[in-house]
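Hi there,

Here is the structure I promised to pass on. Have a look at it first, and my notes on what turned up follow just below.

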Amino acid sequence: MASSLLSFLLLLMCCLLVSARDQTVGARGQLMCGNQPLNNTEVKLWELDTWPDPDDLLMTVYTDSPGRFSVWGTENEITTITPVVKIYHRCNNKGLFSIPNFCKRKVTYEIPSSYIANGRSVQRWYEMGTMNMEAKQRNEDTECL
Ligand SMILES: [Ca+2]
Ligand SMILES: [Ca+2]
């Protein structure tokens with residue numbers, strides 16, 4: 001009785017593992033602060049999960065001198081992954097308690113699922129274009145430390 005339950009559980013786990021699939025996504029763009037390139041700025045590709053499973057960090061990069069970046073990554077999940085690009089920057093940052101540069105602005109962009117490809121290589125880049133980061137988003141976050 002116990003062994004048949006065990007084999008059932010093993011079979012179930014096996015099916016779940018088989019149905020999980022590699023999914024890959026990539027995004028790229030260029031960051032500006034007004035008419036100046038936003039260089040050496042942290043850009044991360046995260047894959048969101050539901051609590052208690054923590055989100056997965058797929059890649060961290062810093063923009064180059066013209067402000068360009070590309071991030072990409074692969075995650076293996078049963079359901080469609082939820083990739084987001086997070087940009088941590090100090091453009092037009094007044095700072096918490098008027099202390100400049102203590103915290104960074106954190107803005108999040110969810111990549112549409114149509115850009116997620118099966119397998120381990122990027123099929124279609126999500127082109128974020130040249131973005132002026134001056135404007136505040138209504139729902140943006142702050143990252144201290
Ligand atoms: Ca995940
Ligand atoms: Ca997920």
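E127 is in contact with R28 and G29, leaving aside its neighbours within four places in sequence. This is a predicted model, so please read everything here in that light. E127 is part of strand β9, and its C-alpha atom is separated by 9.5 Å from that of Q30, 97 residues away along the chain. Is E127 buried or exposed? E127 counts as exposed, because it has 10 C-beta neighbours inside 10 Å and the cut-off for exposed is 12 or fewer.

M131 sits in strand β9 too, which covers residues 126-132. Its contacts, not counting residues up to four places away in sequence, are G29, Q30, L31 and M32. M131 and Q30 are 101 residues apart in sequence, yet their C-alpha atoms are 6.1 Å apart in space. M131 is partly exposed, because 16 other C-beta atoms lie within 10 Å, between the limits of 12 for exposed and 20 for buried.

Contacts over such long stretches of sequence are a feature of the chain as a whole. Among contacts between residues at least 6 apart in sequence, 70% join residues at least 24 apart. The chain has one helix and ten strands, and the helix comes before the strands when you read along the sequence.

Now to the sheet. Which strands make it up, and in what order? There are five, in the order β4-β3-β6-β7-β10, and the sheet is open with antiparallel pairing. β4 (56-62) and β10 (141-144) are the edge strands, each pairing on one side only. On average, neighbouring strands of this sheet are turned by 30° against each other, direction ignored. As a reminder, strands of a sheet pair through backbone hydrogen bonds, either parallel or antiparallel.

If you want to trace the pairing on screen, here are some places to start:

- β3 (residues 42-47) runs antiparallel to β4, and six bridges join the two. L45 has M59 as its bridge partner in β4.
- β3 also pairs with β6 in the antiparallel sense, over six bridges. Here E42 has Y88 as its bridge partner in β6.
- β6 pairs with β7 (residues 103-110), again antiparallel and over six bridges. The bridge partner of V84 in β7 is E110.

β6 is a good strand to look at from both sides. In a regular strand the side chains alternate between the two faces of the sheet. P83, V85, I87 and H89 form the covered face of β6, while V84, K86 and Y88 form the uncovered one.

Two residues of that covered face, V85 and I87, turn up again in the nonpolar core. The largest such core has 13 residues, and those touching the most other members are A27, V43, L45, V71, V85 and I87. Which elements give two or more residues to this core? They are β1 (21-33), β3, β5 (68-77) and β6 (83-89). β3 supplies the largest share, three residues. A27 is worth clicking on: apart from neighbours within four places in sequence, A27 is in contact with L45, V71, V85, I111, W125, Y126 and M128. In soluble globular proteins, nonpolar side chains tend to be buried together. Across the chain, buried residues make up 20% of the 145 residues.

Last, a few backbone details in the loops. Most residues other than glycine have a negative phi, and most peptide bonds are trans. Where does this chain depart from that pattern? Here are three places:

- The peptide bond from W51 to P52 is cis, with omega near 10°. P52 is in the loop between β3 and β4.
- N40 is not a glycine, but its phi is positive, at about 50°. N40 lies in the loop between β2 (36-37) and β3, and is exposed, with 11 other C-beta atoms within 10 Å.
- N92 also has a positive phi, near 50°, in a residue other than glycine. The loop between β6 and β7 holds N92, which counts as partly exposed, with 13 C-beta neighbours inside 10 Å.

Happy to go through any of this together.

Best wishes

Terms used
Residues are numbered from 1 along each chain as its sequence is written. Chains are lettered from A and ligands numbered from 1 in the order in which they are written. This is a predicted model: local features need pLDDT of at least 70, side-chain atom pairs count only at pLDDT 80 or more; totals for chains, interfaces and linings use all residues. Two strands pair if DSSP finds at least two bridges between them. Helices (H or I, at least four residues) and strands (E, at least two) are DSSP runs, numbered from the N terminus. Axes are lines fitted to C-alpha atoms, for helices over the stretch in contact, and angles run from 0 to 180 degrees between N-to-C directions. A nonpolar core is a set of buried Ala, Val, Leu, Ile, Met, Phe, Trp, Tyr and Cys residues joined through C-beta atoms within 7 Å. Two residues are in contact if their C-beta atoms, placed from the backbone, lie within 7 Å.
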